[in-house]
Amino acid sequence: MSEEKNNHINVDLSGQVAIVTGASQGIGKACALELARNGARVACLARNAEKLAATVSEIEAVGGQAAAFACSVTDRESVDRVVDQIADEWGSIDILVNNAGITRDTLLPRMSDEEFDTVIDTNLRGAFLFMRAVSRHMMSARYGRIINMSSVSGLQGNAGQTNYSASKAGLIGMTRSFSREISRRNVTVNCVAPGFIVTEMTSVLSDDILKQAKAGIPARKLGQVADVAACVTFLASGAASYVTGQTLTVDGGMTG
C-alpha cells in the first residue's frame, strides 16, 4: 500500500456541500478529492478553467460529485455571487476550505507595492470575502466548518516572504477572532499550517535545496498533499465539532 493511500481519512460527509478555493492543483485539489471521497458534494473554485475541469473529472471518475465554478477570490461581487449561486442550486454550504493563495517572493527592501498588495489581497482579503459570504448561510443553518489554509511561514516567518508570511499570519489571527464570534452558531473556524509539501511549486527546486529542506525536518521527509487533505477533512467532519480557533500544523515537526 502506498504512502498516499495510508494518508486517507474516513469520515461521513454525505449530503454536505463544500467549497474549495484554489482547487485546480496542489493542496486545494487534494482537499477537493478527499472531501468528495468522503461523500461531500464539492464546488471547485479557481481561475484556471482547464485545470479545474481536470479536478472535477477526477472526482467524478471515482464516483464523487463536483462542479467547477470560475471565480476571482479578490472580487467581492464575484465571491458573493458564486456563494449565493452554490447555496441556491445545492441547498446549503456546510464546508469552506480557503486554500487559494499566491507568492511573490523577494527580500523586503526590493519588494514592490504591487508584490506586497497582490499577495495580501489574494491570500488574506480573499479568505475574508469568502468567510463573510458563507457565514451568512452557515449562521442561518446553525452549522458550518471553515478551514483556512495558513502556513508555517505564518508561524515563524521566512526570508524573502514578508508579504506571504504576513498574509498567512493574518489568516491565523482572523481565524481566532472569527471563531469567537460564530462558535455559538455551531460553526467552527480553524487553520491548517502546512510545512514543506510536495506540490507543483516544489517540483522545480534543485536536489540540493530539497536535501537541505529535508535536513531541517525531524521526520526527514517532505509532506504530501494527502497529509494536508486528511487534516482538512478531519476539521470538516463532525468529529471536530469541539475544535475551533485552532491552528493544526502539518510539518513533520519542523516548527517543533
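**Figure 1. Strand S6 is enclosed by the rest of the structure.** In this predicted model, 8 of the 8 residues of S6 are buried, so the strand is largely enclosed by its surroundings. Both of its faces are covered. On one side sit Val-187, Val-189, Cys-191 and Ala-193, and on the other Thr-188, Asn-190, Val-192 and Pro-194, all of them buried. S6 is joined to S5 by 6 bridges, and these two strands run parallel. To find this pairing in the view, start at Gly-144, whose bridge partner in S6 is Val-187. S6 is also joined to S7, here by 4 bridges and again in parallel. Val-192 is a handy landmark for that pairing, as it stands opposite Leu-248 in S7.

**Figure 2. Seven strands line up in an open, parallel sheet.** If you follow the sheet across, the 7 strands come in the order S3-S2-S1-S4-S5-S6-S7, and their pairing is parallel. The edges belong to strand S3 (65–70) and strand S7 (247–250). Each of these two has a single partner strand, so one side of each is left without a neighbour in the sheet. From one strand to the next, the twist averages 20°. Strand S1 (residues 17–21) and strand S2 (residues 41–46) run parallel and are joined by 5 bridges. Within that pair, look for Val-20, whose bridge partner in S2 is Cys-44.

**Figure 3. Helix H5 packs on the sheet.** Helix H5 (residues 113–141) touches S1, S2, strand S4 (95–98), S5 and strand S6 (187–194). The direction of H5 makes about 175° with that of S4. Arg-132 has its place in this helix. How buried or exposed is Arg-132? With 30% relative accessibility, Arg-132 counts as partly exposed, because the buried class stops under 20% and the exposed class starts over 50%. Another residue to pick out here is Val-79, which is 53 residues from Arg-132 along the chain, with 9.7 Å between their C-alpha atoms.

**Figure 4. Asn-148 is a buried residue with a polar side-chain partner.** Asn-148 lies in strand S5 (residues 144–149). Its relative accessibility is 0%, so Asn-148 counts as buried. Which side chain makes a polar contact with that of Asn-148? The partner is the side chain of Asn-98, at 3.0 Å. Leaving out residues up to four places away in sequence, Asn-148 touches Asn-98, Met-131, Leu-171, Thr-175, Val-189, Asn-190, Cys-191 and Val-192. Readers coming from Figure 1 will recognise Val-189, Asn-190, Cys-191 and Val-192 among the buried residues of S6.

**Figure 5. Ile-197 is a buried loop residue.** Ile-197 lies in the loop between S6 and helix H8 (207–215). A relative accessible area of 6% makes Ile-197 buried. Where are its contacts beyond four places in sequence? Ile-197 is in contact with Ile-27, Thr-202, Gly-223, Gln-224, Val-225, Val-228 and Val-250. Asp-251 is worth labelling too: Ile-197 and Asp-251 are 54 residues apart along the chain, and their C-alpha atoms are separated by 8.0 Å.

**Figure 6. Asn-186 and Arg-220 have positive phi values.** Neither residue is a glycine, which makes the pair worth a look at the backbone. Phi is about 65° at Asn-186 and near 60° at Arg-220. Asn-186 is found in the loop between helix H7 (162–182) and S6, while Arg-220 has its place in the loop between H8 and helix H9 (225–236). Asn-186 counts as partly exposed, at 36% relative accessibility. Arg-220 is exposed, with a relative accessible area of 53%.

**Figure 7. Stepping back to the whole protein.** The fold holds 9 helices and 7 strands. The radius of gyration is 17 Å, close to the 18 Å that the globule rule gives for 256 residues, so the protein is as compact as a globular protein of that length. The C-alpha trace spans about 50 × 45 × 40 Å along its principal axes. Buried residues make up 50% of the 256. Among contacts with a separation of 6 or more, 73% come from residues 24 or more positions apart. The protein exposes about 12100 Å², and carbon and sulfur atoms supply 48% of that area.

How values were computed. Residues numbered from 1 in each chain as written. Predicted model: local features only at pLDDT ≥ 70, side-chain atom pairs only at ≥ 80, totals over all residues. Heavy atoms only, no water. Buried < 20%, exposed > 50% of the residue type's maximum accessible area, 1.4 Å probe, protein only. Polar contact = N/O pair within 3.5 Å; in protein donor to acceptor, adjacent residues only side chain to side chain. Contact = heavy atoms within 4.5 Å. Pairing = 2+ DSSP bridges. Axes fitted to C-alpha atoms, helices over the stretch in contact; angles between N-to-C directions. Rg over C-alpha atoms; globule rule 2.2 N^0.38 Å. Areas by Shrake-Rupley, 256 points an atom, 1.4 Å probe, with all protein chains shown as cover.
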